[in-house]
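Here is a short set of exercises to work through with the model open beside you. Try each task before you read its solution.

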Amino acid sequence: MIKRKIRDQAPFHPTISKTYEHLSCKEDRKIGSRRDTALLAQLRSAGHCKELAAYRHRIDNSKDEKCLKCQFEAETLQHWISCPATILKRQRIFGDDNISLGVMTKQFELVLAYAKETFHQ
């Protein structure tokens, strides 16, 4: 009988490494719905999320990659969590406007609330 656990290797992509820095499977089980779980997984995977304009542009060149809220730059995951047009929402939800990718695993409830307010669902 084998009594050792098989563990996945740490992710190599720098963005994914930062988003999964504080991952707790126990905490992740608290996510309420399958939809929320899927959205978080997409965001944590270096922004492979259809809600982000830069990802839609990667799939379809005819789509604009610029952020619809500020029009300054491509709406990537990093831009989404630091967009100047959503600074007040970040301050209200997170208590700070300067957040890092680590919130994707550390404060996923707040990330979901932020997503619901900033994405066009």
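**Exercise 1.** How much accessible surface does the chain have, and what percentage of it belongs to carbon and sulfur atoms?

*Solution.* Keep in mind that this is a predicted model. The accessible surface of the chain is about 8200 Å². Carbon and sulfur atoms account for 51% of that surface.

**Exercise 2.** Describe the fold of the chain in terms of its elements, burial and contacts.

*Solution.* Begin with the elements: the chain has eight helices and zero strands. Read from the N terminus, the order is therefore α-α-α-α-α-α-α-α. Next comes burial: 32% of the 121 residues are buried. Finally, take the contacts between residues at least 6 apart in sequence; 49% of these join residues at least 24 apart.

**Exercise 3.** Find the salt bridge of Asp-36 and decide which parts of the chain the pair links.

*Solution.* Start from the total, which is four salt bridges in the structure. In one of them, Asp-36 pairs with Lys-116, with 3.6 Å between the closest N and O atoms. This meets the criterion, because the cut-off is 4 Å. Asp-36 sits in helix H3 (residues 34-44) and Lys-116 in helix H8 (residues 108-118), so the pair links distant parts of the chain, 80 residues apart. Now classify the partners: Asp-36 has a relative accessible area of 13% and is therefore buried, while Lys-116, at 49%, is partly exposed. Lys-116 does not count as exposed because that class requires over 50%.

**Exercise 4.** Which residues line the largest cavity, and how do they divide by class?

*Solution.* Count first: there is one cavity of 30 Å³ or more. The largest cavity has a volume of about 30 Å³. Its lining consists of Glu-51, Arg-56, Leu-68, Lys-69, Glu-75 and His-120. By class, that gives four charged residues, one polar and one nonpolar. Leu-68 is the nonpolar one and His-120 the polar one.

**Exercise 5.** Look for salt bridges that involve lining residues of the largest cavity, and compare the burial of the partners.

*Solution.* Take Lys-69 and Glu-75, both in the lining. Their side chains form a salt bridge at 3.1 Å, N to O. Lys-69 is partly exposed at 27% relative accessibility, whereas Glu-75 is buried at 2%. Then take Glu-51, another lining residue. Glu-51 forms a salt bridge with Lys-50 at 3.3 Å, N to O. Here Glu-51 is buried, with a relative accessible area of 14%, and Lys-50 is exposed at 54%.

Key: Residues numbered from 1 in each chain as written. Predicted model: local features only at pLDDT ≥ 70, side-chain atom pairs only at ≥ 80, totals over all residues. Heavy atoms only, no water. Helix = DSSP H or I, 4+ residues; strand = E, 2+ residues; numbered from the N terminus. Buried < 20%, exposed > 50% of the residue type's maximum accessible area, 1.4 Å probe, protein only. Contact = heavy atoms within 4.5 Å. Areas by Shrake-Rupley, 256 points an atom, 1.4 Å probe, with all protein chains shown as cover. 1 Å grid on protein atoms, 1.4 Å probe; cavity = no way out; pocket = protein on both sides within 12 Å on 5 of 7 lines; lining within 4 Å. Points joined across faces, edges and corners; volume = space filled by probe spheres on them.
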